[in-house]
Amino acid sequence: MVRYAIGLPNVGEFGDPALLTELAVAAEEHGWDGVYLWDHLLYHDPAWPVANPTVTLSAIAARTHRIRLGILMTALPRRRVQTVAKETATLDRLSAGRLVFGAGLGSMDTEYTDFGEDPDLKTRAAKLDHGLYDLTHLWQRLLPPPVQRPRIPIWCPGRWPTRAGFRRAARWDGAMPTFHQYGQDRPVPPSEFAQVVDYLAEQRGTLDGYDIALEGRAADGLIDAYTRAGMTWWIEAMGWWRGGVRDARATITAGPPR
């Protein structure tokens, strides 16, 4: 069964925590299954506001009751893992066990260099792997623990056809593929997406209980084909490139494209 979420930037006209909370509440009211936020400290346009996603997600957790919640993807290598462990355990309890923890390298080098941290991708990858290992142990050690057992689900991204991110994702509970040749204005062909699913299955041995999320636009008409290929979560992309906040509100209130 496929579940349907909205994906919300935390930058630009979406960089307002009250607005993001309002949109998330509307998503629950109109039948969506999840709300997932971006993670940024900065953005390419320095004049754009950037909302803190963790604080915003706390407000969303307190105002909703059913939808799954998460940050896709938390740039774990630039965070203190013990702080993240406490924040996520608290969020999981606040939401009564509805949190998904997404973790990646981060897409902007300046979010490292501007704060005196090493942007090298290999360094970030090593920090991510160590951080995820430490996080799962800290969830058990720091009290109170998360509600979910055996742990909060962990999703990791990958950028196909590069394999490293997908090898990492296969060790955890879910994957969110992106693609070098496809993106906002060029949806990935279902056959290309199917290659990612096959690779994850090969790495894991089974996809039972495993989530594979894909972000895009329902208007492209490919959801059924992605579902047949193995997608378990559809994330409807919201953003300034597709009509901004006005379009996001209209898409949310129209309900999920079931």
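A residue counts as buried when its relative accessible area is under 20%, and as exposed when that area is over 50%. The model described here is predicted.

## Two buried residues in helices

Start with Thr251, which sits in helix 9, residues 244–254. Is Thr251 buried or exposed? Its relative accessibility is 16%, so Thr251 counts as buried. Leaving aside residues up to four places away in sequence, Thr251 touches Trp32, Glu236, Met238 and Arg242.

Tyr199 belongs to helix 7. Its relative accessibility is 11%, so Tyr199 is buried as well. Which residues does Tyr199 touch, not counting those up to four places away in sequence? They are Trp160, Arg163, Phe166 and Arg167. Lys122 is 77 residues from Tyr199 in sequence. In space, the two C-alpha atoms are 22 Å apart.

Helix 7 itself spans residues 190–204. This helix lies across strand 5, strand 6 and strand 7. Relative to strand 6, helix 7 runs at about 145°.

## The barrel

How many strands close into the barrel? There are eight, in the order 1-2-3-4-5-6-7-8, and their pairing is parallel. On average, neighbouring strands of this sheet are turned by 25° against each other, direction ignored.

Three of the strand pairs are set out below.

| Strand pair | Sense | Bridges | A bridge in the pair |
|---|---|---|---|
| Strand 5 and strand 6 | parallel | six | Gly158 opposite Pro177 |
| Strand 7 and strand 8 | parallel | four | Gly216 with Glu236 |
| Strand 1 and strand 8 | parallel | five | Arg3 with Trp233 |

Strand 8 covers residues 233–237. How many of its five residues are buried? Five of the five are, so by the 20% cut-off the strand is mostly covered. In a regular strand, side chains alternate between the two faces of the sheet. In strand 8, both faces are covered. Trp233, Ile235 and Ala237 are buried on one side. Trp234 and Glu236 are buried on the other. Glu236 appears twice more: as the bridge partner of Gly216, and among the residues that Thr251 touches.

## Empty spaces

Rolling a probe the size of a water molecule over the atoms shows where empty space is left.

The structure holds one cavity of 30 Å³ or more. The largest cavity contains about 90 Å³ of space. How many residues line the largest cavity? There are 14, and Thr54, Ile71, Thr74, Thr88 and Phe101 lie nearest its centre. Helix 2, strand 3, helix 3 and strand 4 each supply at least two residues of this lining. By class, the lining has seven nonpolar, five polar and two charged residues.

Next comes the largest pocket, with about 1,500 Å³ of space. Its lining has 48 residues, and the closest to the centre are Ser107, Pro157, Gly158, Arg159 and Thr178. Gly158 is also the residue that stands opposite Pro177 in strand 6. Which classes make up the lining of the largest pocket? It has 27 nonpolar, 13 polar and eight charged residues.

## Unusual backbone spots

Most residues other than glycine have a negative phi, and most peptide bonds are trans. Three places in this model depart from that pattern.

Leu72 and Met73 are joined by a cis peptide bond, with omega near 5°. Met73 lies in strand 3, an element that also helps line the largest cavity.

The bond between Leu143 and Pro144 is cis too, with omega about 0°. Where does Pro144 lie? It is in the loop between helix 5, residues 121–141, and strand 5, residues 154–160.

Ala96 is not glycine, yet its phi is positive, near 60°. Ala96 lies in the loop between helix 3 and strand 4. Is Ala96 buried or exposed? Its relative accessible area is 62%, so Ala96 is exposed.

Methods: Residues numbered from 1 in each chain as written. Predicted model: local features only at pLDDT ≥ 70, side-chain atom pairs only at ≥ 80, totals over all residues. Heavy atoms only, no water. 1 Å grid on protein atoms, 1.4 Å probe; cavity = no way out; pocket = protein on both sides within 12 Å on 5 of 7 lines; lining within 4 Å. Points joined across faces, edges and corners; volume = space filled by probe spheres on them. Nonpolar A, V, L, I, M, F, W, Y, C, P; charged D, E, K, R; others polar. Buried < 20%, exposed > 50% of the residue type's maximum accessible area, 1.4 Å probe, protein only. Pairing = 2+ DSSP bridges. Axes fitted to C-alpha atoms, helices over the stretch in contact; angles between N-to-C directions. Contact = heavy atoms within 4.5 Å.
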